[in-house]
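The following exercises ask the reader to work from a model to statements about burial, contact and charge pairing. Each task is followed by a solution in steps.

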Amino acid sequence: MTRIHFPLHRRRWLAPVAALVLAGLIGPAQAAGPKAYVGNFKDNTVSVLDIAGGTVLSTLPVSAGPDGLVAAPGGGPVFVSGSSASTVDVIDSASDTLARKVEVGQGPQGLALTPDGKYVLVAVNGEDRVAWIDVASRLVAATLAVPKPHTIAIHPDGGVAYVASQAPGHFALVAIDLRSREVTGHVALDKPPRDLEFSADGKALYVTLAGVAAVQEVDTGQNRIVAQIPTGISPHLAQHFARMPFGVVVVQGPGEVQLFDPASRQPLRSVKVGQQPHWMDRGEEDNQLLVSNEGSDSVSIVDLASGQTRTVAVGHAPRKIAVQHAGAHVSSHEVSIANFAFQPAQITVAPGQRVTWTNRDGAPHGVAFADRSPGQDLLLPGKSFSRVFDAPGVYDYACSVHPYMTGKVVVRAPSGS
């Protein structure tokens with residue numbers, strides 16, 4: 001039988017880790033993968049969800065009437081607008097604590113993050129303007145007059161935004177050039193616009209209207225509606241996410257997510273969720289969708305391929321939901337768990353880079369750090385766990401299920417920095 005020798009410095013902390021595992025005291029202090037943030041409108045709180053575990057990690061008090069919500073990718077801040085207040089709250093997603101309140105004016109509603117991550121656009125409904133929050137300084141950098149702005153969609157190239165304007169008698173979509181910060185066009189509407197979203201490729205702008213059982217497709221080159229996608233009663237949000245072959249619509253009347261063919265603009269099938277679904281975001285897994293159900297105080301985690309759903313209870317009247325995606329700008333390094341070993345056993349990264357462990361074995365494993373920083377105590381076959389390392393240092397870890405499996409992450413700042 002082959003004997004494995006562990007260096008003395010590893011043996012010193014391996015025994016305590018093993019004892020904690022056997023005692024059942026090592027638990028997931030944070031989510032194993034991406035988290036979702038849910039604004040509970042009637043509670044004035046935000047629920048933080050562990051998507052993989054289907055549990056609420058924490059509940060944070062925020063400004064009254066949380067209505068708009070966006071999460072910066074790659075572990076960045078989360079922004080929540082208080083529609084019954086005058087602030088946008090900033091949540092530190094590393095600690096899930098309130099970091100700052102940004103004064104923007106009365107009645108902020110919809111939020112949108114620019115693709116470069118530099119600005120959050122705010123629909124300040126009570127003061128008839130759109131505000132730009134500088135993400136770095138967390139201060140208002142500019143404003144632009146727009147009548148009764150409600151929600152905002154930004155083209156994937158970051159050049160233009162469209163704002164749903166709900167001014168009585170003058171319902172419209174207002175086009176804004178984001179470089180010059182000027183209004184450049186309008187799409188007149190007969191009904192109040194509810195939400196609007198660009199498809200992931202930027203070719204379509206999907207708009208829902210109050211009292212219309214169909215999604216409107218807008219040609220932004222001509223600034224006019226060119227097609228409709230029939231739905232059930234009260235569609236609220238339509239999207240065509242990246243990596244999904246079909247589009248999806250939250251339909252409030254029947255309490256479902258409707259799938260549609262973006263090419264033919266015809267309905268495909270529907271998946272039942274909770275009562276009065278309000279918002280949705282895609283998960284990190286292909287075909288996974290998270291839906292907030294305002295009428296049943298829950299979030300549905302939907303596998304669109306199989307139609308199966310999981311339900312997570314949250315606060316009262318959950319409206320907006322945002323998944324904190326990894327983000328393409330965060331460099332990622334991979335560690336495979338195979339044949340009861342971490343491969344590679346040692347990996348070197350720069351500060352701010354992400355390491356992802358994927359269990360490619362037939363047995364469950366886990367990641368437990370020697371310094372007791374957040375890891376993942378149970379990683380089933382085929383599942384992954386990610387962590388962004390911000391501070392330079394050496395991070396020893398072991399498998400929380402099999403403590404003889406060890407590894408190390410070395411975080412080293414580039415020379416000259």
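**Exercise 1. A glycine in a loop**

Task: determine which residues Gly54 touches, not counting residues up to four places away in sequence.

Solution. The model is a predicted one.

Step 1. With those sequence neighbours set aside, Gly54 touches Ile301, Arg310 and Val312.

Step 2. Gly54 is placed in the loop between strand 2 (45–50) and strand 3 (55–61).

Step 3. The C-alpha atoms of Gly54 and Ala313 are separated by 9.3 Å, while the two residues are 259 residues apart along the chain.

Step 4. The relative accessible area of Gly54 is 21%, so this residue is partly exposed. The cut-off that this step needs is that buried means under 20%.

**Exercise 2. The chain as a whole**

Task: state how many helices and strands there are in the chain, and what percentage of its residues count as buried.

Solution.

Step 1. The chain has one helix and 37 strands.

Step 2. It comprises 417 residues, of which 53% count as buried.

Step 3. Consider the contacts between residues at least 6 apart in sequence: 44% of these join residues at least 24 apart.

Step 4. The exposed area of the chain is about 17,600 Å², and carbon and sulfur atoms supply 51% of that area.

**Exercise 3. Two buried charges without a salt bridge**

Task: for Arg387 and then for Glu256, identify the nearest side chain of opposite charge.

Solution.

Step 1. Arg387 belongs to strand 35 (residues 384–389). It is buried and has no salt bridge, and the nearest side chain of opposite charge is that of Asp371, 5.0 Å away. A salt bridge requires the nitrogen and the carboxyl oxygen to be within 4 Å, so this distance does not qualify.

Step 2. The side chain of Arg387 does make a polar contact of 2.8 Å with the side chain of Ser373. Leaving aside neighbours within four places in sequence, the residues in contact with Arg387 include Trp357, Phe369, Pro374 and Tyr395.

Step 3. Glu256 lies in strand 22 (residues 256–261). This residue, too, is buried and lacks a salt bridge; Lys272 provides the nearest side chain of opposite charge, 5.8 Å away.

Step 4. A polar contact of 3.2 Å links the side chains of Glu256 and Ser270. Not counting residues up to four places away in sequence, Glu256 touches Val249, Val250, Val251, Ser270, Val271, Lys272, Val273 and Pro277.

**Exercise 4. Salt bridges**

Task: establish how many salt bridges the structure holds, and describe the pairs Lys35 and Asp96, Lys101 and Asp89, and Glu217 and Arg265.

Solution.

Step 1. Side chains of opposite charge can pair when their charged atoms come close. The structure holds eight salt bridges.

Step 2. Lys35 and Asp96 form one of them, with an N to O distance of 3.0 Å. The pair links distant parts of the chain, 61 residues apart: Lys35 is in strand 1 (residues 35–40), and Asp96 is in the loop between strand 6 (87–92) and strand 7 (97–103). Lys35 counts as buried because its relative accessibility is 8%, and Asp96 counts as buried because its relative accessibility is 11%.

Step 3. Lys101 and Asp89 meet in a salt bridge with an N to O distance of 3.1 Å. Here Lys101 lies in strand 7 and Asp89 in strand 6, 12 residues apart. Lys101 is partly exposed at 42% relative accessibility, whereas Asp89 is buried at 0%.

Step 4. In the salt bridge between Glu217 and Arg265, the closest N and O atoms are 2.8 Å apart. Glu217 is in strand 18 (residues 214–219) and Arg265 in the loop between strand 22 and strand 23 (266–272), so the pair ties together parts 48 residues apart in sequence. Glu217 is buried, with a relative accessible area of 8%, and Arg265 is partly exposed at 26% relative accessibility.

Step 5. Asp67, Glu294, Arg319 and Lys320 are joined into one network by salt bridges that share partners.

**Exercise 5. A nonpolar patch**

Task: which residues make the nonpolar surface patch of about 230 Å²?

Solution.

Step 1. The patch is made by Leu378, Leu380 and Val401.

Step 2. Val401 is located in the loop between strand 36 (393–398) and strand 37 (406–411). Its relative accessibility is 33%, so Val401 counts as partly exposed.

Conventions. Residues are numbered from 1 along each chain as its sequence is written. This is a predicted model: local features need pLDDT of at least 70, side-chain atom pairs count only at pLDDT 80 or more; totals for chains, interfaces and linings use all residues. Side-chain values use heavy atoms; hydrogens and water are left out. Helices (H or I, at least four residues) and strands (E, at least two) are DSSP runs, numbered from the N terminus. Buried means under 20% relative accessible area, exposed over 50%, partly exposed in between (1.4 Å probe, protein chains only). Lys and Arg count as positive and Asp and Glu as negative; His and the chain ends are not counted. A polar contact is a pair of N or O atoms within 3.5 Å; within protein, one must be able to donate a hydrogen and the other to accept it, and residues adjacent in sequence count only if both atoms are side-chain atoms. Contact means heavy atoms within 4.5 Å. Patches are made of residues with over 30% relative accessible area and no salt bridge: like charges are joined within 9 Å, nonpolar side chains (Val, Leu, Ile, Met, Phe, Trp, Tyr) within 5 Å. Accessible areas come from the Shrake-Rupley method with a 1.4 Å probe; for residues, only the protein chains shown count as cover.
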